[in-house]
Structure formats: C-alpha cells, structure tokens
Amino acid sequence: MKYIKFLLVGFFFGIVLTKAEAVSWYRIYEMFQFQSFHMYGIIMTAIAVGVIGVQIIKRKQLKDIEGNPIVIQDKEKGNLRYWIGGILFGLGWAMVGACPGPIFILFGAGFMSVGLILIGALLGTFLYGVIKNKLPH
C-alpha cells in the first residue's frame, strides 16, 4: 500500500501521454518525417520542465521520499557513447513507433501486438546487462 501513489502517478502519466497523442504511431511517424511540430513541442516541454525541476532540486537541496538528499552528478566528459546510444534509441523508436514509456501504455490499452516490442525491449536490456562490462565506458 505504501507504493500505491507511484502506481497512481503512472496511470495519470499514461492518460496524459495518451490524450496528448504522444503514443500515437501516426504522430511519431510525422515527427520522424519532419511533417509536424506536435511531438517536438511535447519533447521541448518535457525538457523545459526537467531543467526547471533540476534547478529547484539543486537550489532548495530537496530530499527524496525517504529523506535522503538528492544528488545530481555532473555531466561526464566524452560524448561518443551518448551519440551511439542516442542513434540506437532513435532507430529503435523509428522502427517500432514507440519508446519505452508508450510501450507499457499501449500494452495496457489493449494493443497486444506491442507485447512483441516489449519482449524485444526487455531482451535488449538483458543483453546490454550481459555485455556491459565489455563495452568502452
């Protein structure tokens, strides 16, 4: 019962993304074809909210739900791995029409074919965990 609030926030987040059409394959297709500003507007809004949120956390030295201080590490040098990861993420997003959050939302909304994408995402995550120590970090 302690974690029910997280489940409720997840449901609310899913409803917001669905109503904003952020889980729509058509909207994602438009974005990757540079035919519409819709998804870019959602992404830019999320970035702005994130930047403001991080600044509030840093300046007010907020604590997490258990009372521990929230520590935001400085950005690492060397960004080749971020470029590679971003390209792989973007290719996967473009191929299946969904990033990780909407996969769960679409599955929960009854689109059972997304289950294959979910299995692929979990398999990819597992594979990364297996080969992580062999990758250049």
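Let me begin with helix α5, where Pro 102, Ile 103, Ile 105 and Leu 106 are buried, and please keep in mind throughout that what we are looking at is a predicted model. The cover over those buried residues of α5 includes α1, which runs over residues 4-19, and α6. Just after α5 comes Gly 110, which takes a positive phi of about 100 degrees.

One of those four residues deserves a second look, namely Leu 106, which, once its neighbours within four places in sequence are left aside, is in contact with Val 23, Ala 98, Phe 111 and Val 114.

That takes us to the nonpolar core. The largest such core has 14 residues, and those with the most contacts inside it are Leu 17, Val 23, Met 39, Trp 93, Ile 103 and Leu 106. The elements that give two or more residues to this core are α2, covering residues 25-32, together with α5 and α6, and it is α5 that gives the most, with three residues. As general background, nonpolar side chains in soluble globular proteins tend to be buried together.

Let me step back for a moment to the whole chain. The protein has six helices and zero strands, and its C-alpha atoms fill a box of roughly 40 × 40 × 35 Å when this is taken along the principal axes. Of its 137 residues, 16% count as buried. If we take the contacts between residues at least 6 apart in sequence, 31% of them join residues at least 24 apart.

Now to helix α6, which covers residues 114-131. How far apart should the ends of its 18 residues be? At 1.5 Å a residue, counted over one less than the number of residues, the helix should span 26 Å, and its end C-alpha atoms are indeed 26 Å apart, which agrees. The buried residues of α6 are Val 114, Gly 115 and Leu 118. Seen down the axis of α6, these buried residues fall within an arc of 110 degrees, so they line one face of the helix. It may help to recall that an α-helix has 3.6 residues a turn, so residues three or four places apart point the same way. What covers the buried residues of α6 includes α5, at residues 100-108. On the other side of α6, by contrast, Leu 116, Ile 119, Leu 123 and Leu 127 are exposed.

Let me turn next to the aromatic residues, for which the count comes to five pairs. The pair I would like to show you is Phe 32 with Trp 93, whose ring centres are 5.5 Å apart and whose planes stand at 90 degrees, so the pair is edge-to-face, the class for planes over 60 degrees apart. Phe 32 lies in helix α2 and Trp 93 in helix α4, which covers residues 80-96, so the pair ties together parts that are 61 residues apart in sequence. Are these two residues buried or exposed? Trp 93, at 14% relative accessibility, counts as buried, whereas Phe 32, with a relative accessible area of 32%, is partly exposed. Phe 32 and Trp 93 also form one aromatic cluster together with Phe 89.

A second tryptophan, Trp 25, is found in helix α2, and at 49% relative accessibility it counts as partly exposed, since the exposed class begins over 50%. Not counting residues up to four places away in sequence, Trp 25 touches Val 96 and Gly 97. The C-alpha atoms of Trp 25 and Ala 94 are separated by 9.4 Å, although these residues are 69 residues apart along the chain.

Two loops remain. Ser 36 sits in the loop between α2 and α3, the latter covering residues 38-60, and its side chain reaches the backbone nitrogen of His 38 at 3.2 Å. Leaving aside neighbours within four places in sequence, Ser 36 is in contact with Arg 27 and Glu 30.

In the loop between α3 and α4 we find Gln 61, which at 64% relative accessibility counts as exposed. The C-alpha atoms of Gln 61 and Val 71, which are 10 residues apart along the chain, are separated by 8.8 Å.

To close where we started, α5 brings three residues to the largest nonpolar core, and the cover over its buried residues includes α1 and α6.

Definitions and conventions. Residues numbered from 1 in each chain as written. Predicted model: local features only at pLDDT ≥ 70, side-chain atom pairs only at ≥ 80, totals over all residues. Heavy atoms only, no water. Helix = DSSP H or I, 4+ residues; strand = E, 2+ residues; numbered from the N terminus. Buried < 20%, exposed > 50% of the residue type's maximum accessible area, 1.4 Å probe, protein only. Arc of directions from axis to C-beta. Contact = heavy atoms within 4.5 Å. Core = buried A, V, L, I, M, F, W, Y, C linked by side-chain atoms within 4.5 Å. Phe/Tyr/Trp six-rings, centres within 6.5 Å; stacked < 30°, edge-to-face > 60°. Polar contact = N/O pair within 3.5 Å; in protein donor to acceptor, adjacent residues only side chain to side chain.
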